[in-house]
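Hi,

Here is the structure I said I would pass on to you. Have a look at it first, and then read my notes underneath.

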Amino acid sequence: MNFLSLFVLIPLVMLLGLWLAKGVKAVRGVMVVGSTALLALATYLTIDFLAQRAAGNNAEMLYQAAFTWFEPLKISYRVGVDGISVAMLLLSAIIVFTGTFASWRLNPNLKDYFLWFTLLSMGVFGFFISIDMFMMFMFYEIALIPMYLLIGVWGSGQKEYAAMKLTLMLMGGSAFLMIGIFGIFYGAGAETMNILDIANHTGGAHPIEFAQQCIWFPLTFIGFGVLGALFPFHTWSPDGHASAPTAVSMLHAGVLMKLGGYGCFRIAIFLMPEAANELNWIFLILTGISVVYGAMSACVQTDLKYINAYSSVSHCGLVLFGILMLTTTSTVGAILQMLSHGLMTALFFALIGMIYGRTHTRDVNKMTGLMQIMPFLSVCFVIAGLANLGLPGLSGFVAEMSIFVGSFQNADTFHRVLTITATCSIVVAAVYILRMVGRMLYGVCTDEHHKKLTDATWEERFAVICLIISIAGIGLAPAWISNLISDSVAPIIESVKSVGPLISSCNPFM
């Protein structure tokens with residue numbers, strides 16, 4: 001059995017264990033053991049991957065394995081990881097682990113909730129280890145399907161509307177994605193779905209025709225971009241986040257949205273480099289709008305979840321923005337932003353859920369003086385806010401600065417103007433974060449009900465501390481994770497840039 005397949009098999013065993021479990025304690029036990037095993041596996045993978053690279057193993061993908069699943073369409077179960085995949089698997093394991101404790105006291109139907117939560121997790125892990133396009137798409141769909149029930153059944157507010165809107169928009173994106181995947185398959189000669197084989201074939205004697213690339217690139221980029229909150233296909237995200245239960249919001253914003261950026265880079269840009277060079281300006285404009293629009297929209301919200309949701313639109317826009325700039329530094333920054341945003345938005349949603357569970361409101365204007373009542377949660381909320389606005393020493397600073405520096409390496413006016421415009425989101429983020437913190441936490445608490453509230457429980461403290469340590473760890477010691485990612489990003493970006501467009505640029509700003 002391949003080592004990487006454990007990332008799929010462990011959730012399958014967890015599903016069986018949850019199905020057989022009787023009582024809340026047994027359900028919790030299955031989730032703790034399973035999520036701990038996934039975190040330990042991801043940690044071991046990271047350490048062993050670094051050791052293999054240090055020993056001189058420079059293979060494009062490590063731990064590869066494959067067996068044929070459907071021969072007529074050349075679909076195989078193929079797995080393998082590079083530095084980007086390893087980082088995403090580690091992020092996913094941390095979010096699943098902490099999300100388990102954040103949902104410790106969820107009611108009702110804790111067992112059913114964790115069954116769907118685990119299925120969602122399996123789809124995420126399977127997506128990041130797959131190097132077959134169709135298997136990636138299959139795991140992508142496995143990750144999306146549980147969201148409808150998790151929001152529609154265990155959510156709050158307009159949960160039915162949010163669940164339906166999310167499902168319809170993401171399924172629409174999936175339709176574009178399926179067309180794009182089969183277009184790439186047939187355009188590359190209909191011989192394999194293996195991403196590495198297609199990439200090598202594209203650079204050889206029989207590449208995908210440029211005219212075809214210009215069709216399949218937008219389809220695949222939009223298909224994945226819908227999940228990555230690409231403007232104007234982002235509108236499902238705020239409603240979905242606002243209605244989702246705490247752990248689902250953590251996994252959704254923390255990991256699931258990263259499937260969009262990962263897919264855009266791994267399939268759209270890697271497999272269609274000429275179209276990526278030629279058409280990236282269109283999507284750079286859209287992602288630039290996402291960055292600024294998301295931050296500005298967060299400023300006018302009063303619901304805590306909507307503030308964080310629009311903030312996620314802005315930060316996920318930065319991910320796609322950095323990838324499309326097609327420099328090694330900006331792309332490394334984009335992957336770091338995936339990690340940073342995954343951790344800090346999971347922390348934010350966890351804290352919002354904990355505060356909402358006590359105050360029964362998410363309206364910033366109805367809360368004040370919480371620092372006196374819930375000092376632990378309040379201090380952690382401040383830390384999450386500072387990470388969100390990019391304070392040096394925390395993960396957000398490293399990621400955003402890498403994106404902006406890398407983007408500014410493009411010497412033309414078009415790219416530099418977009419970069420400067422995107423940096424304005426940092427100032428806007430400081431406005432909504434500091435205003436939110438000031439209104440909620442400081443001042444004198446006048447609500448008699450709020451004065452009787454309790455601070456975080458042990459499982460809440462444990463989940464929050466784990467996330468804060470991860471955020472501070474990346475911010476204070478970013479070199480190892482940056483090198484891990486850079487070793488995999490640099491060859492891809494060099495190959496993409498070396499190909500260039502096959503016709504003169506159609507960018508009207510160049």
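Let's start with a question: which residues does L144 touch, not counting residues up to four places away in sequence? They are L170, S174, L227 and L256. Before you go looking for them, keep in mind that this is a predicted model.

L144 sits in helix α5, which covers residues 133–154. With a relative accessible area of 5%, L144 is buried. One of the residues it touches, S174, is 30 residues away along the chain, and the C-alpha atoms of the two are separated by 9.8 Å.

Helix α5 turns up again when you look at α9, a helix made of residues 236–243. How many of the eight residues of α9 are buried? Eight of the eight are, so α9 is largely enclosed by the rest of the structure. If you want to click through them, the buried residues are W236, S237, P238, D239, G240, H241, A242 and S243. The cover over them includes α5, α6 (159–187), α8 (210–227), α10, α13 (304–324) and α14.

Two helices from that list, α10 and α14, also pack against each other, so to speak, and here is how to read that.

- In general, two packed helices are described by the angle between their axes and the distance between the axes.
- For α10 (residues 246–256) and α14 (residues 328–359), the angle is about 165° and the axes are 8 Å apart.
- Angles over 145 degrees count as roughly antiparallel, and that makes α10 roughly antiparallel to α14.
- The crossing of this pair is right-handed.
- On the α10 side, the contact is made by T246, S249, M250, A253 and G254. On the α14 side, H341, G342, T345, A346, F349, A350 and G353 take part.
- Sorted by type, the residues of this contact are five nonpolar, seven polar and no charged.

While you have those numbers in view, here is a handy rule: an α-helix has 3.6 residues a turn, so residues three or four places apart point the same way.

Now for the strands. Strand β1 (residues 62–70) and strand β2 (residues 75–81) pair in the antiparallel sense, over six bridges. You can follow the pairing from L62, which stands opposite V81 in β2, to F70, whose bridge partner in β2 is I75. The hairpin has four residues between the strands, and K74 there takes a positive phi near 55°. Is β2 enclosed or open? Six of its seven residues are buried, so β2 is largely enclosed by the rest of the structure.

Last, try comparing two threonines.

T46 is found in helix α2 (residues 24–54). At 5% relative accessibility, T46 counts as buried. Leaving aside its neighbours within four places in sequence, T46 is in contact with V86, L90 and W480.

T446 is in the loop between α18 (413–441) and α19 (448–451). Is T446 buried or exposed? It counts as exposed, at 62% relative accessibility. Even so, T446 has contacts beyond its neighbours within four places in sequence, namely T368 and K451. T368 is 78 residues from T446 along the chain, while their C-alpha atoms are separated by 7.7 Å.

Have fun with it!

Methods
Residues numbered from 1 in each chain as written. Predicted model: local features only at pLDDT ≥ 70, side-chain atom pairs only at ≥ 80, totals over all residues. Heavy atoms only, no water. Axes fitted to C-alpha atoms, helices over the stretch in contact; angles between N-to-C directions. Parallel < 35°, antiparallel > 145°, perpendicular 65-115°, else oblique. Left-handed = near helix turned anticlockwise from the far one by under 90°. Contact = heavy atoms within 4.5 Å. Nonpolar A, V, L, I, M, F, W, Y, C, P; charged D, E, K, R; others polar. Pairing = 2+ DSSP bridges. Buried < 20%, exposed > 50% of the residue type's maximum accessible area, 1.4 Å probe, protein only.
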